[in-house]
Amino acid sequence: MATTKVDPKLSANNIAKKAYQGLTSQQLINAYRIMFTSRRVDDREILLKRQQKVFFQISGAGHEALGVAAALALKPGYDWFYPYYRDRALCLALGATTLEMLMGAVGAADDPCSGGRQMPSHWAYKRLNVVTQSSATGTQILQAVGCAEAGRYLARHPKASQKAEGDYRQFKDVQFQGDEITYVSLGDGTTSEGEFWEALNTASNLRLPVIFCVQDNQYAISVPVEVQTSGGNISRLVSGFPNFHFEEFDGTDPVVAYAAFKRAAEYCRGGHGPAFVHAHVIRPYSHSLSDDERLYRPDSERQADAARDPVPRLQMFLLREGILDENGINQIEKEVEEQIQADADRALDAPVPQPETIYHYVYSPDLDPTSAAFDTRPALAAPEAATEGKPAAAAPNKTSQTKASPNKTMADLINTTLRDEMRRDERILIFGEDVADASREEYLKQKLIKGKGGVFKLTGGLQIEFGSDRVFNSPLAEAAIVGRATGMATRGLKPVVEIQFFDYIWPAMMQLRDELPIIRWRSNNAFSAPVVVRVAIGGYLTGGAIYHSQCGESIFTHTPGLRVVFPSNALDAAGLLRTAIRCDDPVLFLEHKRLYRETYGRAPYPGPDYMVPFGKAKIVQPGNDLTVIAYGAVVPRALQAAQKLEREHRVSVELLDLRSLNPFDWDAIAASVKKTNRALIAYEDSLSWGYGAEIAARIADKLFHHLDAPVKRIAATDTFVAYQPILENAILPQASDLFRAMKELAEF
Ligand SMILES: Cc1ncc(C[n+]2csc(CCOP(=O)(O)OP(=O)(O)O)c2C)c(N)n1
Ligand SMILES: [Mg+2]
């Protein structure tokens, strides 16, 4: 952006030397140029919206001084930025251009933020370390915490940033700075969200270098701040958080704001902890062009705001201080207007994205986890490297039964796979509730305890081997687990996090639905977050009841961008988990609790490179009369029923174990149904709207002419799972139910 020099004729008091909290006159002139530009881009977009040439507008008006001040105190392409939609001036000051912004407004193919996929003002500039944001208010805050954690981790493990061939690391350029800061901003209304408090808690506890900037314009659409915040002032509420530096000030004054950001940045860069920057700003325009603030704000209030408008205010300041005269101001404004006019014309002429590109970047274009590269054979004679030399510490939770047998349980092999992969890849971090051996590591060092390693003990021994900065407990906060992991993965780390029970995944739902799987698509491949989320799922526990038995996988297979796998046996669990870790997409890895230590499906250690590709079903048992499609804990039950049917009625059942649910193996289903002409989909979740509905619909649609009977489903009742075993048996599909359903279908 062009700069206007201080007018040499304006010699009053040698103004160039006068310090404004360390800002030079030239910096103040540039600040005015950017603030004016920001406002005028908003105005241009509003005009274009009225002409129906852009389709949405939300402004940064009133917040301009704050953005410019933050950018002056921080470093683009060095520090990291999680801005929100009112941060237009921040982005301009960091180095984004008006053309880029107007390209976003018209939804041009070359819009750098999203290629026309997101609304305007959803900033993402990879070269500046401005990370893609969504429309969901508040989700950026936990991700910013994860981003700061990644910077710290990489500084302590610099080798982890190196590239490696053959897995996701090949495609990630990791960079970090020892004293980097992560900036995250949000509105006053957004401080009401739980994720805000979870983020503050962790940043405070870990003394992370994050600047939380609350841009308090007193309104969240029409809801005033006193409704959002008890007592009306967020600074008062957060003042008890330890390790924070606090600032509260008038955010319409760039000099005051700069001084505050400078102090905050010094504190964070010095490694003292996070900063909370609370700026009182104004919102001179309505919330967005879809809102009319005159419906809820009287003229008097709007006029009072207008008197604090940062753009005319800085203009007056420059004139009063003799930094610019009227000609200088006019010159800047003329240049800005001309630039915006030219850029608007260019944006309106820019090519729009083509419809056939809509499928680009749902998943990684670089690494296909369904490909042959992820299809390896088990090394059956492989020594079990994972427990070598550390029998007691490395596997504190092993039963004598599994030690005696060369066959390992699913729990054993998941633990072993995690260990193998952590040895191979220093970017892997494991965290979640109770996953550490012991947070009070002195107890481990003094050998006073064995350590826990997960409520199901799947992560046992990993903290002992890899240290507390690679395997650690999180607070009891599921959104924080997924949000922090997302921020880390955006920086190139590979968090393999655990949600303790599927039943408690819901606090993380915003991150799992609106963030993690969408980051690549919404940023047009500029950013990605290939996290692995391991989740203990399912019932058949005899007493698991409503809140320890849930399934619900179809809610996640209904989310594009998320890989969902659900193994039924130890070998598949090992192979699929390794694929999940090495691949370049986010994966929901569903582990059935009942199968963790089941006799069914145990297997010898398959070696440290065993992988099962996604989207490949396994034929558990071949057959000719009927196809049963199952996964998870229903597989052993279906096998039992099929064998009985064969024995007693000579019905030959082909049983398919899908293993991965998104992608799923349509080819295997189609081949089988074409052979047997009958299909039953068996699953543990409640029947209606479940995973089987999609499979049944596809079979009905694509294989209609091959069917000799209606497509059937057998699943749990449309209730929750009850505690009393008699009720649990009646609710979940049992082998006897599967037997009956198969027999009826065979006889149709
Ligand atoms: C989680 C979520 N809930 C609701 C909305 C709809 N919404 C968009 S902006 C907004 C108000 C945000 O207010 P505030 O945080 O004060 O920011 P401001 O717009 O005032 O700068 C709401 C409710 C949303 N985008 N995300
Ligand atoms: Mg607000």
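**Ligand contacts and local features of the predicted model**

An oxygen atom of ligand 1 lies 2.8 Å from a polar backbone atom of Gly189. Taken alone, the ligand exposes 580 Å², and 74% of that is buried by the protein. The structure described here is a predicted model. Two further short distances link ligand 1 to the protein. An oxygen atom of the ligand is 2.6 Å from an N or O atom in the side chain of Tyr85, and a nitrogen atom of the ligand is 2.7 Å from a polar backbone atom of Ser135. In total, 17 residues surround ligand 1, and the closest are Tyr84, Tyr85, Ser135, Thr190 and Tyr219. By residue class, the shell around the ligand consists of 7 nonpolar, 7 polar and 3 charged residues.

Arg86 is located in the loop between strand 1 (80-82) and helix 3 (88-94). With a relative accessible area of 3%, Arg86 is buried. Apart from neighbours within four places in sequence, the residues in contact with Arg86 are Ile58, Ser59, Gly60, His63, Gln215, Asn217, Arg283 and His287. The C-alpha atom of Arg86 is separated by 9.0 Å from that of Ser185, although the two residues are 99 residues apart along the chain.

Thr182 belongs to strand 2, which spans residues 182-187. The relative accessibility of Thr182 is 1%, so this residue counts as buried. When neighbours within four places in sequence are left aside, Thr182 is in contact with Trp80, Tyr82, Ala144, Cys147, Ala148, Pro209, Val210 and Ile211.

Two residues of helix 1 were examined, Asp42 and Ile46. Asp42 is buried, with a relative accessible area of 0%. The side chain of Asp42 makes a polar contact with the side chain of Gln57, at 2.9 Å. Gln57 is also among the residues touched by Asp42 when those up to four places away in sequence are not counted; the others are Ile58, Ser59, Gly60, Ala61 and Arg88. Ile46 is likewise buried, and its relative accessible area is 11%. Under the same exclusion of residues up to four places away in sequence, Ile46 touches Gln57, Tyr285 and Leu289. Gln57 is thus touched by Asp42 and by Ile46. Ile46 and Ser288 are 242 residues apart along the chain, and their C-alpha atoms are separated by 9.6 Å. Ile58, Ser59 and Gly60, which are touched by Asp42, also appear among the contacts of Arg86.

A search of the whole structure gave 0 disulfides. Such a bond is covalent and joins the sulfur atoms of two cysteines; the cut-off applied to the pair of sulfur atoms was 2.5 Å. For Cys91, the closest cysteine sulfur is that of Cys113, and the separation of 7.3 Å is too far for a bond. Cys91 counts as buried, at 1% relative accessibility. For Cys268, the closest cysteine sulfur belongs to Cys213, and the separation of 12 Å is again too far for a bond. Cys268 also counts as buried, at 3% relative accessibility.

Backbone geometry was considered last. Most residues other than glycine have a negative phi, and most peptide bonds are trans. The peptide bond from Asn662 to Pro663 is cis, with omega near 5°. Pro663 is placed in the loop between strand 17 (660-662) and helix 24 (666-676). Gln21, which is not a glycine, has a positive phi of about 55°. This residue lies in the segment before helix 1 (25-50), and Gln21 counts as partly exposed at 47% relative accessibility. A positive phi, near 65°, is also found for Trp689, a residue other than glycine. Trp689 is in the loop between strand 18 (679-686) and helix 25 (691-702). At 79% relative accessibility, Trp689 counts as exposed.

How values were computed
Residues numbered from 1 in each chain as written. Chains lettered and ligands numbered in written order. Predicted model: local features only at pLDDT ≥ 70, side-chain atom pairs only at ≥ 80, totals over all residues. Heavy atoms only, no water. Buried < 20%, exposed > 50% of the residue type's maximum accessible area, 1.4 Å probe, protein only. Near = heavy atom within 4 Å. Polar contact = N/O pair within 3.5 Å; in protein donor to acceptor, adjacent residues only side chain to side chain. Areas by Shrake-Rupley, 256 points an atom, 1.4 Å probe, with all protein chains shown as cover. Nonpolar A, V, L, I, M, F, W, Y, C, P; charged D, E, K, R; others polar. Helix = DSSP H or I, 4+ residues; strand = E, 2+ residues; numbered from the N terminus. Contact = heavy atoms within 4.5 Å.
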